[in-house]
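Please look through the sequence and the structure shown below, and keep both at hand while reading the report that follows.

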Amino acid sequence: MTEGGTGTAVGLHRVLEPAGVLPQAAHRLDPDPRIRPDEVRISVERLNLDAASYRQLHTAHGGDPDAIRAEVLRIIGERGKMHNPVTGSGGMLVGVVDEAGPESPVGLAPGDRVATLVSLTLTPLAITDGLAGWDGRSEQVPARGHAILFARSIAAVLPGDLPVPLALAVMDVCGAPALTHRVVAAQKGAPAVLVLGAAGKSGCLALAAARRAGAARVIGLVPTAAEEERLAATGLADVVVRADARDPVAVAAAVGEPADVTVVCVDVPGCEHGAILATAPGGTVVFFSMATSFPAAALGAEGLAADVTMLIGNGYVPGHAETALELVRSEPAVRALFTSRTGADSAE
C-alpha cells in the first residue's frame with residue numbers, strides 16, 4: 001500500500017509477521033516509537049486487561065501475581081502488543097499523547113490524556129518498567145512504555161470529573177450499553193431483556209441502557225448469592241436470578257419466560273447455549289463476552305431449533321464512550337458497582 005493509503009491507515013506497515021494480515025490477526029507487531037505522519041504515539045500510564053484474558057491468566061498461574069506479571073510481559077515482548085494467545089483478547093489503555101503526526105485524523109494533541117477505544121490486540125505496544133508497579137491482582141495494570149495509534153484507531157480524551165481507574169473501566173466496556181440501547185430500542189413494543197453476568201461492569205451498564213431504551217422488564221442473572229444480593233439492592237433489574245450461566249437448563253429454569261433480548265456479559269466460556277435457550281423465538285442474543293465461542297453459538301442455535309438473531313458486540317458504536325460515561329454519571333447504582341471493582345473514587 002502507498003504511504004497514507006488504506007494500508008498505512010489500518011497499520012499494515014506495523015505488521016512484522018505474517019506479512020499481509022491486519023494488525024489484530026498478526027502474530028507480531030513493530031512498536032517502533034518513531035511515528036508516520038498519520039500516527040500518534042501515546043506514553044502509557046495504565047493498561048486494562050479484558051476480563052476474559054485476566055481470568056485465564058489468573059487461572060493458568062494459580063493466582064500467582066509474579067507469574068501473571070511475567071506472562072503479560074512475555075506476551076507483550078514477543079508480540080509487540082498485548083494479545084493473549086489463549087483467549088485471543090487484550091484490553092485497552094490510558095496514557096498521555098507524546099506526539100501526533102500532522103496527518104493524523106484522530107483529533108488528538110500532545111498532552112491530551114486519553115483512553116484508547118481499540119483493542120490492545122491490534123495496538124503496537126512496548127513496556128519499559130517491567131510492570132514493577134503492578135501487583136498482578138487486578139485487571140488494571142500501572143505501566144510505563146509507549147503505544148501507537150493508527151489513522152483508523154479510536155481514542156477519547158479522559159473526562160475531568162471521573163477518577164482515572166473508573167473512567168478506564170467504563171471505557172473498556174463502553175460498547176455494551178450503546179449496542180444494548182440500539183437493539184432494545186429497535187424492538188417492537190416494550191421487550192423483556194435478560195443480561196447474563198449482570199453484576200459485572202458491562203452487565204450493569206447493559207441493564208441501565210436496556211431500561212432507558214424502553215425495556216418493559218429487565219432481568220439480571222448472576223452466579224452467586226453475594227452478587228444476587230448486591231445487584232438486587234441496586235434496583236437496576238426488576239428481577240435478579242441466580243444460576244451458572246454455563247448450565248443451559250439451569251439458566252432457562254431460573255429465567256422462566258424467555259426474554260426478547262438476551263445480552264451476554266459473562267467472562268467465562270460455555271455460556272452460549274444457556275443464552276439461546278433463555279431467548280424467545282424471534283428474539284435477539286447479543287454476545288459481548290470475549291470468551292464466546294461463535295461456532296458453539298451457531299451450532300447450538302441450530303441444534304436447539306432456535307429462531308434467534310445473534311449479534312457480535314464488536315465494541316464500537318458511534319458515541320459509545322459518552323453513552324457509557326453518562327450512565328455512570330447519572331446512575332448512582334452503576335457507579336457504585338464500578339467503584340466496588342476499581343477502588344475508591346479518589347484512586348489514581
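S89 is buried, with a relative accessible area of 2%, where buried means under 20% relative accessible area, exposed means over 50%, and partly exposed covers the values in between, computed with a 1.4 Å probe on protein chains only. The model is a predicted one, in which local features need a pLDDT of at least 70 and side-chain atom pairs count only at pLDDT 80 or more, while totals for chains, interfaces and linings use all residues. Residues are numbered from 1 along each chain as its sequence is written, and side-chain values use heavy atoms, with hydrogens and water left out.

S89 sits in the loop between α3 (65-79) and β4 (91-100); helices (H or I, at least four residues) and strands (E, at least two) are DSSP runs, numbered from the N terminus. The side chain of S89 makes a polar contact with the side chain of T87, at 2.7 Å. Such a contact is a pair of N or O atoms within 3.5 Å; within protein, one atom must be able to donate a hydrogen and the other to accept it, and residues adjacent in sequence count only if both atoms are side-chain atoms. If neighbours within four places in sequence are left aside, S89 is in contact (heavy atoms within 4.5 Å) with D50, A52, S53, M82, H83, N84, T121 and M290.

V86 also lies in the loop between α3 and β4, but V86 counts as exposed, at 59% relative accessibility. V86 and A67 are 19 residues apart along the chain, and their C-alpha atoms are separated by 16 Å.

Which residues does T116 touch beyond its neighbours within four places in sequence? They are M92, L93, L149, I154 and A155. T116 belongs to strand β5 (residues 113-116), and T116 counts as buried at 0% relative accessibility.

**Backbone angles**

Two residues other than glycine have a positive phi, and the table sets them side by side.

| Residue | Phi | Loop | Relative accessible area |
|---|---|---|---|
| L131 | near 55° | between β6 (125-127) and β7 (140-149) | 0%, buried |
| A305 | about 50° | between α10 (294-303) and β14 (309-312) | 69%, exposed |

A further backbone feature is the peptide bond from E17 to P18, which is cis, with omega near -15°. P18 is found in the loop between β1 (15-17) and β2 (28-29).

**Cysteines and aromatic rings**

A disulfide is a covalent bond between the sulfur atoms of two cysteines. Here a disulfide is taken as a pair of cysteine sulfur atoms within 2.5 Å, and by this rule the count comes to zero. C174 is in no disulfide, and the nearest cysteine sulfur, that of C265, is 13 Å away. The sulfur of C271 has its closest cysteine sulfur in C265 as well, at 11 Å, which is too far for a bond. C174 counts as buried at 2% relative accessibility, and C271 is buried with a relative accessible area of 3%.

A search of the whole structure finds one aromatic pair. Rings of Phe, Tyr and Trp (its six-membered ring) pair if their centres lie within 6.5 Å, and planes under 30 degrees apart count as stacked, over 60 as edge-to-face and the rest as tilted. The rings of F287 and F294 have their centres 6.4 Å apart and their planes at 90°, so this pair is edge-to-face. F287 is buried, with a relative accessible area of 2%, whereas F294 is partly exposed, at 35%.

**Helix α11 and the nonpolar cores**

In helix α11 (residues 320-330), the residues H320, A321, A324, L325, L327 and V328 are buried. Seen down the axis of α11, the buried residues fall within an arc of 155°, so they line one face of the helix; the arc is that of the directions from the helix axis to the C-beta atoms. An α-helix has 3.6 residues a turn, so residues three or four places apart point the same way.

A nonpolar core is a set of buried Ala, Val, Leu, Ile, Met, Phe, Trp, Tyr and Cys residues joined through side-chain atoms within 4.5 Å. The largest such core has 55 residues, and those with the most contacts inside it are L231, L236 and F338. A second, separate core of 27 residues includes V114, L125, I127 and V141. Not counting residues up to four places away in sequence, F338 touches L166, A169, V170, V173, K201, C204 and L205.
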